[in-house]
Amino acid sequence: MKKQVRNFLLLSTLTTISIYGINKAISISSTLKNLLKTDKGNFFNWRYGNVFYTKQGKGSPVLLIHDLNSAASSYEWEKISKHLAKRHTVYSLDLLGCGRSNKPNMTYSNYLFVQLITDFTKTIIGAKPDIIATGDSTSFALMACNMEPDHFKKIIIINPAPLEELSKTPNKRKNTLKFFIDLPIFGTLIYNLAYTSRSIRRTFYKNYYYKSHLVPSKVIDTYYEAAHTENGQGKYLLSSIKSHYTNINIIHALKKINNSIYLIGSKG
């Protein structure tokens, strides 16, 4: 019996060390290309972590908010921001838990991102911006405008999440999933398996690009790097998304908001 226990402990230890080594190798190899540089941006020293952002152009302020995904970052706006900067002061940020921003071990909630947008607007922009947001992040822009209507102007939302999806709330099963993803070594392995280069490419083919052959390899590499910065700490955002902590029912906010809202939806 003692021998069996000893063998089990030895096997468990070796397995854990092996998984740790795999996680470390993925973390190092994924960032070798150093595509997400910080030299052309700044950091907003927010109370929950440092948030990376860029500022370019002159004119009325525009705040760009990328989709909520552990592999996403302000790189999403790279080409569009250059055109907007011809007439506007354009601010693009990496949401907390994404890209070059800090990825603290915490539960990420909808209200957390609403506070980030509001504080960033007050502290860094210092004027009423128009907001352009995509995907699951559109709810943050709408809720921020609902809570602080005097701090924002127009809102443009692109391919927003369905209202029924945003209405989903955490439950016991989802919290169990969150627990496993948040685990130190085995949870990091689950996260790394969820964000392989192949899985990111498949997401682009299926959800982001209408014609898959138009997806540049640099885009896939950049998203892959963004997912694995800070040694897989993006898993804490993933676990919060999967367990619906970043959701909120926006129907009441939509009824109250008086700001102009523009909706852009892709047919494909």
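Here is a quick tour of this predicted model, from the overall fold down to two individual residues.

**Overall build**

The protein chain carries 11 helices and seven strands. Its radius of gyration is 20 Å, which agrees with the value near 18 Å that a compact globule of 268 residues would have. If you'd rather think in box dimensions, the C-alpha trace spans about 70 × 40 × 40 Å along its principal axes.

As for how the chain is wired, take the contacts between residues at least 6 apart in sequence: 79% of them join residues at least 24 apart. Buried residues make up 45% of the 268 residues. On the outside, the protein chain exposes about 14,500 Å², and carbon and sulfur atoms supply 56% of that area.

Charges are next. The protein chain has 36 positive and 16 negative charges, and the mean positions of the two sets lie 6 Å apart.

**Nonpolar cores**

In soluble globular proteins, nonpolar side chains tend to be buried together. Here the largest nonpolar core holds 40 residues, and Leu95, Leu96 and Phe113 touch the most other members. Helix H3, residues 110-125, gives this core its largest share, at seven residues. There is also a second, separate core of 16 residues, with Ile200, Ile220, Tyr224 and Leu238 among them.

**Two residues up close**

Pro104 sits in the loop between strand E4 (88-93) and H3. Leaving aside residues up to four places away in sequence, Pro104 touches Tyr48, Leu96 and Tyr236. Leu96 has already come up as one of the residues touching the most other members of the largest core.

Asp130 belongs to strand E5, which covers residues 130-134. Is Asp130 buried or exposed? Asp130 counts as buried because its relative accessible area is 10%, and the cut-off for buried is under 20%. With residues up to four places away in sequence again left out, the residues that Asp130 touches are Pro61, Val62, Leu63, Lys153 and Lys154.

For both residues, here is a C-alpha distance to a partner elsewhere in the chain:

| Pair | Sequence separation | C-alpha distance |
|---|---|---|
| Pro104 and Phe179 | 75 residues | 16 Å |
| Asp130 and Ile156 | 26 residues | 7.8 Å |

Notes:
Residues are numbered from 1 along each chain as its sequence is written. This is a predicted model: local features need pLDDT of at least 70, side-chain atom pairs count only at pLDDT 80 or more; totals for chains, interfaces and linings use all residues. Side-chain values use heavy atoms; hydrogens and water are left out. Helices (H or I, at least four residues) and strands (E, at least two) are DSSP runs, numbered from the N terminus. The radius of gyration is taken over C-alpha atoms; the globule rule is 2.2 Å times the number of residues to the power 0.38. Buried means under 20% relative accessible area, exposed over 50%, partly exposed in between (1.4 Å probe, protein chains only). Contact means heavy atoms within 4.5 Å. Accessible areas come from the Shrake-Rupley method with a 1.4 Å probe; for residues, only the protein chains shown count as cover. Lys and Arg count as positive and Asp and Glu as negative; His and the chain ends are not counted. The place of a charge is taken as NZ of Lys, CZ of Arg, CG of Asp or CD of Glu. A nonpolar core is a set of buried Ala, Val, Leu, Ile, Met, Phe, Trp, Tyr and Cys residues joined through side-chain atoms within 4.5 Å.
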